Every structure is written in structure tokens, then in C-alpha cells.
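Colleague: I should like to learn how to read a structural model one feature at a time. May we begin with the ligand and then turn to the chain around it?

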Amino acid sequence: MSGIVGYIGWQNAVPILIDTLKRLEYRGYDSTGIAVIKDSSLGIRKRVGDIDVLKESLYKEPLNGMIGIGHTRWATHGKPTEENAHPHIAGKIAIVHNGIIENYLSLKESLLKEGRKFLSDTDTEVIAHLIDKNFTPSAGSGPAGSGLESAVQKTLKEISGTYALVAISPADPEKIVIARNENPIVIGLGRGEFFIASDASAILSYVKDIIFLDDGEIAVIKKEGVQVYDRNNKQVEKNIRRLGLNPILMEKGGYKHFILKEIFEQPRAIWDTVRGRVSGGEIIFEDFKLSSSDIKKIKRIFITGCGTSWHAGLIGKFMIEGLSRIPVEVDISSELRYRNPIIDSDTLIIAISESGETVDTIASLRDGKKKGAKTVSICNTIESSLSRESVSTINIHAGPEISVASTKTFTSSLSALYILSVYLAKLKGVIDDNETAGLINDIVTVMGKIEDVMGLEEEIEGLSKMFYEKKGFLYLGRGINYPVALEGAMKMKELSYIYAEGYPGGEMKHGPIALIDEHTPVVILAPQNILYEKSLIDIEEVKARNGVVIVFATEGDTEVVKMARHVLYVPHASEYLTPIIMSIPLQFLAYYVALRRGLNVDRPRNLAKSVTVE
Ligand code: F6R
């Protein structure tokens, strides 16, 4: 969480810091700040609120300088106040930090005893004081050089925890020093200028060539170039990666909100996930490094992820078990990592993460690796920590998702899981060539139908008028559509702040039925599949208790309309692909309800897109 940026070069750093921070706002937006070096002194500005608040203050009272750092915060230690906002300053050191310092309390106590004064409640301020304490301008002997980098190196030995860290000092003014441990940070290489960011997408419009720092590394960045050192102070030769991302994808492209644009991008995003992986009735998985004999040995699969990615995993279980007959367990990553699961070399771990930086998901994958499991990640971010740590990575190619709430990456992850399921089934010999071709044809057909689902937007907008003032929603689905109900309820909660609960339809009578009255809308997913008749029972049971039912049914269904006032029709899809078709109207519903409530649909309160802390 939190986004950090830096700039060193020949331009005024301030507009660049503001622009790149703006692009990282999805990582947190409760307070912001920048620091620049000018004429041997630090210029600092911090504000509570988002980047626009900071920008406004810089219009009124400009700052400038050609070296600077910036931060957009998602609070962990201490409330969102100006004091707690980054950069944190101690003496002549300014730093921004993303992560958590676990031993900060004991360090703070010792520093207080030494007479140091603290202005904030953050763990980060401790790092600033330690760097200041360890700083000697002429400490020229460390392999990483003198001054700031030596002070940072000494400090890193004293702290424990996770960090991406950027430090500057007017006492050593020609450089920026950055360090990484479990939180991402990249360096963009320009001509005589360098850009630093938590995420490569933030600096895409400035540079194409990127260095990804690895855990334990420190980089010293000067106008003349970059030097990277490992934990043992040995200089490291880093690979330079050329990014193929299109900066246009980072813009709203005429839509009112990023989330609306991203909902509408789903036909393209799913196509980009699938194309290149299917050809002539076959699946080609160049990025899947397990051989057919590896796959035949797999006895058990664990799927793990958080939030929306966990919901995708729950659906993936239906696909993989149904098609390949390999047993699958699905665990929320923050649970899996602490429950000592039975994992061995016959296990495959599938970790799903849009950002590829979710700390619990990475930890679960690492734990599985230690136990000898094979690993594959399903990710939207190239070169993310998760994808770099897993043996195989399936990049979903959905393009940058700027809205904090996930939409297109959910359905793209489902598409990737589907292709993977068919692939596993084929390699295991559970399905033959004809069946494989048929299953591939099913997803190609669905891709054609997604455009039709988009046509529901207007009807759902109309429906939102009736429901936006409700206090709660219940979402019911059965079988493979139960996780879709969970996802629909979560979209409603995070976008509209209305309490919403997702439940398996058959389980409703064991508790949630008590919630039903004439004020509680109940969204029921009732596609024409093997559980269709059961879903009709759910509708009846809700109606019998005066509940207001909104049903999502399959086109051509003439039964449901006799039972419910609000029925929305989606095109038919094969069983494993109904979740893709069903989840899109639920995204529209949450979006329009939130919009009517006047909320910030792209940046709901308290959330951050990339959850890099526990
Ligand atoms: C909800 C949402 C979150 C994420 C979760 C995991 O709309 O976006 O629930 O799904 O924080 O993030 P990733 O997928 O980046 O690991």
C-alpha cells in the first residue's frame, strides 16, 4: 500500500512527482507529500487528502528543485494527518517509505532516550532518524560509496520488516538512495534523468526502460547513472526490461470513470487473456512451464488469493475439479499462510493476484515453494513480485486497472483459469481432442456474447434508482455462481458502502433468511443450469417473506418472469463460463447504486489497490 515516487534529472521534479503520484493514487489516498532539494535545503509540502489537494497548495505556493521524492499514503501506523504524512524528515534526511517496520517501537524508545524528537506516530520516522544518526558526510569507505548510501545501509541492518524506501539529503545532494525488502520499487531510465516509482505503470509516459529492484538491494541514483548493490555490498548487474505497456490504457478514454471504462473493456481484456493461448482447437501455454509428466504427478491443487482474486479462485475450483478431476482446495492467502497446510511436491499452488504484490498471497506461495510444491501465478502485472517468485506465470494481459475495485481483472482471471483447466484436463488425458476443441469453442462463443451483456447497462441504471437508498442487499447464487454472489456483494459494499452479503442459495434458510423483509433487495442468480430448479425455490422463499427480488436469468427463460418483478436476462453460456457473463451486470449494479449515492467510484474510502502490508 502507499505509493512512492522519486525524480533526479534536469527538469523541475515537482510536476513529475505530482503526475506520477497521481498515477499511483490507487495505492492509497488519505494524505500526500513531496520533498525537493533546492540550494542545499529541503522544500517540503504535505497535505491531508488526495493529490489534488497537494497540487492546489503547490499552485498557491510553488516549490521547485531537480531532485525530489513523493508519497501517497494508505495509513498503517497513525491517522491520516499532516504530521503522519510522508516524507518524514530527521535532520537533513527526507524519506518516503512503503511497508511496515516491525521493531520500530523499541528503536523509537532508544532514539527518544538519545534526545531525538518525533513529530509523527509512524514507523517510518524511526528510519529517518536512524539514517540521520548514521550519516557522516565523509564516510567514504563503504563499497556502496560515501554519505547517504552508507547511512541507509547501516540503518537497514538495524530495522526489521518490509520496505520500499527512498531517501534524499541536501547534505549529500547529488543522489537518491533507494532500498527494497518485500515491497516493490522500480527505476525508470531516461536520458540524464531517472524516475522512481512503486509501480512501473506510474512512469510509463516518461520512460520505457526499467530496472526492477530485488529484495535486499540498494540503488544509488545520480544524474550520471544507477548503481545497484546487494545485501553484501557487492555491485549487481541488473537486467534492463523494456516495457510494452501502452500509456493510453492509463487514461479514461472518454468515460466518466475508470471503473466504467474497465467494465466496458472486458470483451477486449478477456480476448487478450485468451488469444495467443488457443489455436486451431488446441491450447498453447508457452508461459506454463510444467511438463505433462509433472502434471500427471499432481495430486492436489491449492488456489490462493485475496478479495476478488479469492472469489476467482473459488470459481476456478469448479472449473479445475470439473474438467481435470484434480482435487482443489481454495484458501484466502492470509489464512493459508498461517495454517500449516498439507503441501508437498505433488501439490500445485495457483496464486491469483491482479497486482502481484499482495503480501499474503506472496507469503502463501513462498511457503508452498518451501514445502516443495510447484507454483503458478495468475497475474495482471508483469514483473510483479508474485510472478517473479512463481515457476510459471500466466499473465492475464487485462491492461492497467486504475479503479481500485477490480472488474476486468476478475473476468480475465476467470478466463485464464478456464484455459488452464482445459489444459490440465487435456494433459491428464481426462478429455480428448474433440472435447478440448469444444471447450475452447465455448469460450470463443462467450467472448462474442459479452458485448450483449454490456447492453444491460441502461436497464441496470434505471433499476439503481429504486435501490440506492436501501440499507442492505443479499446476493444468492448456487454452485459455480455462489462465488459470483460473493463478488457481487463485495462490489456493492466497496463501491456504495451499503452492507451486502453473498450466500449460497441453499444455505439461506439456515440464517440469512432472517434478514429478508420488504426493504431488503435480494439479488438471485438463476441461470438455466443443473441448479436452475433450486434457484426457483430460492426466489419463492424470498418472495414468501415479502423480499424484493432482482433475478439474473438466462435469455429465453419464460418461467422466472412469472415469479419476479425485476428480471434481467443474460445470454446463455456453458456452465463453467456463466460466472463471466453473470458478474458483469453485478458490476454495473454496484457502480450505478454508488454513483446515485454521490460516491467516489474509482477510489472508495479506506481501500488501496495494492495491499502490500498484512
Ligand atoms: C476488490 C479488490 C480487492 C483485491 C484484493 C487482492 O475489488 O480489488 O479485493 O482483489 O485486494 O488484490 P490482488 O488481486 O492485487 O492480489
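**The ligand and its surroundings**

Modeller: The shell around the ligand takes at least three residues from domain 2 (253-452) and at least three from domain 3 (455-596). Please keep in mind that this is a predicted model.

Colleague: How many residues of the shell are nonpolar, polar and charged?

Modeller: The shell holds five nonpolar, seven polar and three charged residues. Of the 15 residues around the ligand, the nearest are Ser309, Ser353, Ser355, Thr358 and Glu494.

Colleague: Which polar atoms lie beside an oxygen atom of the ligand, and at what distances?

Modeller: One reads such contacts as pairs of N or O atoms within 3.5 Å. In the side chain of Ser309, an N or O atom is 2.6 Å from an oxygen atom of the ligand. For Ser406, a polar side-chain atom is found 2.9 Å from an oxygen atom of the ligand. With Val404 the partner is a polar backbone atom, 3.5 Å from an oxygen atom of the ligand. The ligand has 410 Å² of accessible area on its own, and the protein covers 91% of this. Two elements, H9 and helix H16 (482-496), each give two or more residues to the shell.

**Two helices**

Colleague: How should a helix such as H9 be read, and what span does H9 reach?

Modeller: An α-helix has 3.6 residues a turn, so residues three or four places apart point the same way. Helix H9 covers residues 307-324, which is 18 residues. From its first C-alpha to its last, H9 reaches 25 Å, close to the expected 26 Å.

Colleague: Which residues of H9 are buried?

Modeller: A residue is called buried when its relative accessible area is under 20%. In H9 the buried residues are Thr308, Ser309, His311, Ala312, Gly313, Leu314, Ile315, Gly316, Met319, Ile320, Leu323 and Ser324. Ser309 is therefore a buried residue of H9 and also one of those nearest to the ligand. After H9 comes Arg325, with a positive phi near 65°.

Colleague: How many residues of H11 are buried?

Modeller: Helix H11 (residues 359-370) has 12 residues, and nine of them are buried, so that H11 is mostly covered. Among the buried residues are Val359, Ile362 and Leu365. The span of H11 from first to last C-alpha is 16 Å, close to the 16 Å expected.

**Ser496 in helix H16**

Colleague: Is Ser496 buried or exposed, and which backbone atoms lie beside its side chain?

Modeller: Ser496 lies in helix H16. Ser496 counts as buried because its relative accessible area is 0%. A polar atom of the Ser496 side chain is 2.5 Å from the backbone oxygen of Met492. A polar atom of that side chain is also 3.1 Å from the backbone nitrogen of Ile498.

**Backbone angles**

Colleague: Where does phi take a positive value in a residue other than glycine?

Modeller: Two cases may be considered. Asp39 has a phi near 45° and is found in the loop between strand S2 (31-38) and strand S3 (41-48). Asp39 counts as exposed because its relative accessibility is 65%. His397 has a phi near 55° and is found in the loop between strand S22 (392-395) and helix H13 (408-428). His397 counts as partly exposed because its relative accessibility is 40%.

Colleague: Which residues does a cis peptide bond join?

Modeller: Here one reads omega, which is about 0° for the cis bond between His86 and Pro87. Pro87 belongs to the loop between strand S4 (67-73) and strand S5 (88-90).

**Sequence and space**

Colleague: What separates Ile4 and Gly33 along the sequence and in space?

Modeller: One compares two kinds of separation. Ile4 and Gly33 are 29 residues apart in sequence, while their C-alpha atoms are 9.8 Å apart. Ile4 lies in strand S1 (residues 3-8) and is buried because its relative accessibility is 0%.

Colleague: What are the corresponding values for Asp52 and Lys22?

Modeller: Asp52 and Lys22 are 30 residues apart along the chain, and 8.3 Å separates their C-alpha atoms. Asp52 is found in helix H2 (residues 51-60). Asp52 counts as partly exposed because its relative accessible area is 39%.

Notes. Residues numbered from 1 in each chain as written. Predicted model: local features only at pLDDT ≥ 70, side-chain atom pairs only at ≥ 80, totals over all residues. Heavy atoms only, no water. Helix = DSSP H or I, 4+ residues; strand = E, 2+ residues; numbered from the N terminus. Expected span 1.5 Å × (residues − 1). Buried < 20%, exposed > 50% of the residue type's maximum accessible area, 1.4 Å probe, protein only. Near = heavy atom within 4 Å. Polar contact = N/O pair within 3.5 Å; in protein donor to acceptor, adjacent residues only side chain to side chain. Areas by Shrake-Rupley, 256 points an atom, 1.4 Å probe, with all protein chains shown as cover. Nonpolar A, V, L, I, M, F, W, Y, C, P; charged D, E, K, R; others polar. Domains from an automatic or database assignment.
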